[in-house]
Amino acid sequence: MSETETSERGPAATAAHGDRLTRSFFDRPVLTVAPDLLGRVLARHEPGGPVLLRITEVEAYDGQDDPGSHAYRGRTARNGVMFGPPGHAYIYFTYGMWHCLNLVCHPEGRAGGVLLRAGEVVRGAEVARPRRATARRDHELARGPARLATALGVDRSLDGTDVCATPAVALSVHSGTPADPARVRSGPRTGVSGPGGVHPWRFWIDGDRTVSPYRAHRPRNRTTAGT
């Protein structure tokens with residue numbers, strides 16, 4: 001058991017990380033919500049107890065105003081969750097092997113979402129470790145968006161989950177300890193090319209070892225496998 005873990009389970013474990021964020025938190029512009037998610041705690045609720053993640057790195061995607069967004073060309077069966085209501089999980093499958101978790105923002109009808117890129121597992125590491133057997137240390141468990149989703153056991157079956165539901169279902173977000181604004185940095189989004197690649201819409205906590213390394217876009221031979 002790591003130094004950040006205890007034997008608490010269920011509501012008692014999440015209560016230690018503050019109140020749940022309400023829908024009004026997400027019903028704001030995505031560029032306001034994204035940096036405000038740093039330091040918040042995501043809970044993945046499972047029968048054996050929750051896995052809790054302190055969010056340390058995110059990227060904002062501004063819907064139809066953003067060439068880098070899945071919603072840039074409008075609503076589809078795949079991206080429909082991005083159009084609201086806010087406070088829901090948008091989960092997609094990429095490169096035929098990985099899932100990524102986003103939190104939907106903006107008023108209903110306008111697409112927008114925040115990709116959760118990295119975080120620190122602060123409780124439930126004993127559940128996350130077998131899912132991320134290649135991680136050498138606990139700070140690597142959720143260091144990157146696909147690793148984060150894998151560590152939390154997130155897949156497309158959770159697409160559309162209401163993270164503001166009462167009582168909490170599979171996912172919820174708690175107030176935690178917001179990041180010190182002096183430590184929040186921004187820069188280009190990882191792997192985004194073209195006009196969308198210039199936006200400094202990746203936000204992270206400076207000096208946190210769970211933050212993933214930045215990689216500029218490189219063309220791939222394989223295309224994204226959507227559902």
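## Arginine 117: placement and burial

Strand 5, which spans residues 113–123, contains arginine 117. The structure described here is a predicted model. With a relative accessible area of 7%, arginine 117 is buried, because buried denotes a value under 20%.

## Arginine 117: surroundings

Apart from its neighbours within four places in sequence, arginine 117 is in contact with Glu57, Val58 and Glu59. Its contacts also include Ala142, Arg143, Gly144, Pro145 and Leu148. Thr190, Arg202 and Ser212 complete the list of residues in contact with arginine 117.

The contact with serine 212 has a polar component: the side chains of arginine 117 and serine 212 make a polar contact at 3.1 Å. Threonine 210 is separated from arginine 117 by 93 residues in sequence, while the C-alpha to C-alpha distance between arginine 117 and threonine 210 is 9.8 Å.

## Serine 172: placement and burial

Serine 172 belongs to strand 6, formed by residues 171–174. The relative accessibility of serine 172 is 0%, and therefore this residue counts as buried.

## Serine 172: surroundings

Two histidine side chains make polar contacts with the side chain of serine 172: that of histidine 45 at 2.7 Å, and that of histidine 174 at 2.9 Å.

When residues up to four places away in sequence are not counted, serine 172 touches Arg20, Val41, Leu42, Ala43, His45 and Val163. Histidine 45 thus appears both among the residues touched by serine 172 and as a partner in a side-chain polar contact with serine 172.

Note on methods. Residues are numbered from 1 along each chain as its sequence is written. This is a predicted model: local features need pLDDT of at least 70, side-chain atom pairs count only at pLDDT 80 or more; totals for chains, interfaces and linings use all residues. Side-chain values use heavy atoms; hydrogens and water are left out. Helices (H or I, at least four residues) and strands (E, at least two) are DSSP runs, numbered from the N terminus. Buried means under 20% relative accessible area, exposed over 50%, partly exposed in between (1.4 Å probe, protein chains only). A polar contact is a pair of N or O atoms within 3.5 Å; within protein, one must be able to donate a hydrogen and the other to accept it, and residues adjacent in sequence count only if both atoms are side-chain atoms. Contact means heavy atoms within 4.5 Å.
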